[in-house]
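Take the model below one part at a time. The text starts with a helix and its cover, then moves outward.

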Amino acid sequence: MSFLSVRDLVVHFKTVDGVVKATEGLSYELERGKTLGIVGESGSGKSVSSSAILGLHRGTNALVSGEILLDGVDLLKINDESIRRKRGREVAMIFQDPLSAMHPYYTVGNQIAEAYRVHNDVSKKQARARTIEMLERVGIPQPDRRIDDYPHQFSGGMRQRAMIAMALINDPGLVIADEPTTALDVTVQAQILDLLQDLQREFNSAIIIITHDLGVVAEMADDVLVMYAGRAVEYGPTKEILVHPEMPYTWGLLSSVPDVVGDTDAKLIPIRGNPPSLLTPPSGCPFHPRCDHRDKVPGDLCRTTLPDLTPARAGGDHTKRCHIANPDEVYATEVLPEIAPLFEEQA
Amino acid sequence: MSEMETGVPVPVAEHDEAASSAHAASRLDPNAKPVLTVENMRMYFPVKANGLIRRTVGHVQAVDGVSFQVPEGGSLGLVGESGCGKSTTGRLIARLLEPTGGSIEFQGRDIAHLSARELMPLRREIQMIFQDPATSLNPRHTVGAIVGAPLEIHKVVPKDKIIPRVQELLEVVGLNPEHYNRYPHEFSGGQRQRIGIARALTLQPRLLVADEPVSALDVSIQAQVINLLQDVQREFGIGFLFIAHDLAIVRHFCPEVAVMYLGKIVEVADRETLYNHPHHPYTQALLSAVPDVKQAAIGGRRERIRLEGDVPSPILPPSGCRFRTRCQYAQEICAKVEPPLLQIGPRHKVACHFAGELGQHPTTPVTMEVCGVDEHGSPVEGAAPEIQLNRPDFADRWLDLKTGQTTGA
């Protein structure tokens with residue numbers, strides 16, 4: 001039994017325009033000490049599915065079903081009080097924009113200490129000492145002085161460090177990092193990613209890192225889950241997926257991002273069209289309206305039938321959702337030569 | 001404006017054409033005439049004290065003496081972290097701000113201190129694309145009004161010809177021309193950015209300042225917009241100042257790239273040199289920080305150069321070299337003498353006393369002779385320093401770091 005096991009998670013939002021199908025039948029597993037990267041465009045359901053773990057959709061217009069087993073306990077079945085006790089203690093979240101995630105009226109130290117005092121029966125003094133310790137651990141200089149600063153007095157990178165300190169102060173087993181470095185510069189991003197990896201080794205926590213940046217996933221994650229229109233379209237070990245992707249959407253993600261090494265004349269091949277509406281998702285395979293390879297599937301299959309998550313042809317612990325019979329060959333012969341000559345030489 | 005009256009250019013962007021062979025980055029043409037020459041441009045924002053007499057207590061040196069050229073129909077990339085002054089540089093060139101000092105020569109004329117009235121005709125020539133298409137388009141105006149406004153203001157075409165012209169422009173950027181009477185909120189992010197591009201193209205500018213044109217867009221949409229910008233550039237021969245923090249995008253778009261740090265250009269070079277043989281420690285650190293999908297996929301991982309701490313305040317920048325507080329090679333001279341932007345190759349300039357390829361930084365300053373100082377940065381008597389801190393173009397002769405001699409092509 002995995003530490004975290006999500007099964008058939010469905011998150012729907014009832015709105016005046018209809019039901020927004022934000023997440024449909026999502027399943028994944030995660031062990032302690034491991035990192036799962038969830039990749040997708042905005043509106044693909046990656047944040048919504050992860051906030052369901054924290055029970056953040058309770059009391060909203062959301063309909064959540066499925067199973068979220070954390071250490072064997074189904075987080076969807078327990079009552080509000082129980083999930084509240086788990087929030088911040090067993091599952092913590094690091095948000096994208098620390099400036100809006102922190103309260104501007106309270107000092108940074110105050111907010112971090114609160115997270116500690118809610119879950120531990122300690123005095124203010126003890127909480128403060130622990131906060132200073134945590135701030136020091138995440139690399140904030142002069143933590144005994146900075147603890148009394150307000151969020152606006154911190155730089156972007158320091159705010160994100162403070163957010164990480166807040167998330168990790170109770171030593172949670174699972175940390176969900178929702179685009180933790182998107183708002184940061186590359187050099188700061190590198191610092192934060194290094195910090196997350198160090199802390200993960202130290203606390204042996206499981207991390208879910210939500211991002212649209214395949215580079216971040218490549219560096220951080222053991223497993224990758226590629227989401228499109230609320231569904232998992234490809235799932236498996238990071239290296240497998242980056243070297244042998246078998247789903248045209250993943251190909252598109254790889255080919256539409258330029259690189260800092262390799263051929264400068266390499267073309268960017270965009271994914272045509274726009275991400276679909278989750279109110280009226282496309283029939284069949286949700287990616288078919290934007291897919292360049294649907295003519296490789298006989299008949300109208302892509303338009304009419306949703307492909308199952310099936311084991312990838314290249315083997316490995318890797319599943320994909322696609323009707324193409326020989327995606328590995330299509331990728332090797334048609335896609336790879338177009339996007340990355342360098343890839344072939346070294347692989 | 002005969003071109004504009006006689007007809008419109010053929011539509012170039014067909015964004016549904018996923019893998020069109022047309023898209024290609026502009027190439028570096030060393031002999032191209034510059035459309036823009038910036039020399040020693042400075043922008044100091046005053047910092048006022050609180051209280052009744054808000055006296056000026058200091059200056060944010062947002063841009064402090066930058067010089068560069070943008071070739072006609074070519075593109076120069078400007079990269080750096082937030083707060084390094086790259087956006088301010090863009091705004092100065094579009095003359096949304098008036099520089100504190102220096103010159104901005106556009107098509108042979110210094111536009112740094114022109115009045116609003118004098119700038120009016122110039123607005124047709126220099127246009128800007130903004131980062132966030134959601135906030136740079138007026139939500140209460142239709143797309144037709146937004147894209148047509150420049151035509152009306154500059155009286156380029158008669159009133160009844162505005163809508164047809166707008167429709168042509170929408171087609172150029174790959175939007176449905178029938179949608180001219182829709183509002184910005186009815187479009188997706190990528191489409192809105194296309195509207196921003198259409199607006200910038202309306203007056204057929206010679207120079208486009210693109211300030212983070214794709215960073216607000218989803219990855220799959222970024223490539224569409226980048227390809228569109230490349231098509232537009234080739235079709236109309238527009239010079240681009242391409243500002244972005246994403247090193248990979250800049251590398252893809254610009255044959256020549258300048259790296260900024262704390263208001264100064266620290267390195268400028270053609271893209272092959274800058275990305276493969278960076279000589280400034282900051283450029284090296286910046287490049288090593290970029291996560292790399294393709295390297296990671298094959299199991300490799302570049303060694304990261306850790307940069308400790310944050311960028312210092314531009315109100316009180318460090319003396320000498322501004323990067324020295326975070327630089328692992330910094331020595332005494334770096335605090336005393338500001339390194340000149342020294343030309344070390346045919347198209348390569350770097351501002352570092354210890355310029356060298358990664359792992360091959362020299363132990364003695366390479367700039368001693370140019371600055372007329374000894375290796376500790378103290379002036380040498382009788383030395384004739386020949387610092388040219390702010391030359392916007394490239395010279396025919398440069399300092400060869402391997403031999404220490406001045407050589408030429």
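What covers the buried residues of H7(A) includes E6, helix H3 (98–101), helix H4 (108–119), helix H5 (124–137), E7 and H8 of chain A. Contact here means that two C-beta atoms, placed from the backbone, lie within 7 Å. Helices (H or I, at least four residues) and strands (E, at least two) are DSSP runs, numbered from the N terminus. This is a predicted model, in which local features need pLDDT of at least 70, side-chain atom pairs count only at pLDDT 80 or more, and totals for chains, interfaces and linings use all residues. Residues are numbered from 1 along each chain as its sequence is written, while chains are lettered from A and ligands numbered from 1 in the order in which they are written.

Stay with H7(A). Of its 13 residues, 12 are buried. A residue is buried if 20 or more other C-beta atoms lie within 10 Å of its own, exposed if 12 or fewer, and partly exposed in between, with C-beta atoms placed from the backbone. The buried set includes the charged pair Arg159(A) and Arg161(A). Among the others are Gly157(A), Met158(A) and Gln160(A). The helix runs over residues 156–168, and its end C-alpha atoms are 19 Å apart, which agrees with the 18 Å that its 13 residues should span at 1.5 Å a residue. That expected span is 1.5 Å times one less than the number of residues.

One of the covering elements, E7(A), deserves its own look. Strand E7 (residues 174–178) of chain A has 5 of its 5 residues buried, so it is largely enclosed by the rest of the structure. Both of its faces are covered. Leu174(A), Ile176(A) and Asp178(A) lie on one side, and Val175(A) and Ala177(A) on the other.

Which strands flank it? Strands of a sheet pair through backbone hydrogen bonds, either parallel or antiparallel. Pairing is counted if DSSP finds at least two bridges between two strands. Strand E6 (residues 91–94) of chain A runs parallel to E7(A), joined by 4 bridges. There, Ile94(A) has Ala177(A) as its bridge partner. Strand E8 (residues 206–211) of chain A also pairs with E7(A) in the parallel sense, over 5 bridges. Ala177(A) appears again, with Ile209(A) in E8(A) as its bridge partner. The chain goes from E7(A) through H8(A) to E8(A) in a right-handed β-α-β crossover. Right-handed means that, with the strands pointing away from the viewer, the path from the first strand over the helix to the second runs clockwise.

How far can chain A be trusted? Its mean pLDDT is 90, and 97% of its residues reach 70 or more. The pLDDT is the predictor's confidence in each residue, from 0 to 100. Among the elements of chain A, strand E3 (residues 35–39) has the highest mean, 96, and H14(A) the lowest, 46. Over residues 342–347 of chain A the pLDDT is below 50, and this stretch has 10 contacts in the model beyond near neighbours in sequence. Where pLDDT is low, the predicted coordinates should not be read in detail.

Now the interface. In it, 44 residues of chain A are in contact with 43 residues of chain B. On the chain A side, the elements that give two or more residues are helix H8 (186–203), helix H9 (214–220), helix H10 (238–243), helix H11 (248–255) and helix H14 (341–346). H9(A) gives the most, with 5 residues. By class, this side has 22 nonpolar, 13 polar and 9 charged residues. Ala, Val, Leu, Ile, Met, Phe, Trp, Tyr, Cys and Pro count as nonpolar, Asp, Glu, Lys and Arg as charged, and the others, Gly among them, as polar.

Cross to chain B. It holds 13 helices and 14 strands. Of its 409 residues, 49% count as buried. An open sheet of 4 strands has the order E2-E1-E4-E5, with antiparallel pairing. Strand E2 (56–71) and strand E5 (109–110) are its edges, each pairing on one side only. Inside the sheet, strand E1 (residues 34–48) and strand E4 (residues 101–106) of chain B share 5 antiparallel bridges. Glu39(B) stands opposite Ser103(B) in E4(B).

Finish with H7(B), residues 219–236. Its 18 residues reach 26 Å from first C-alpha to last, close to the 26 Å expected. Of these residues 15 are buried, so the helix is largely enclosed by the rest of the structure. Gly237(B) follows, with a positive phi near 60°.
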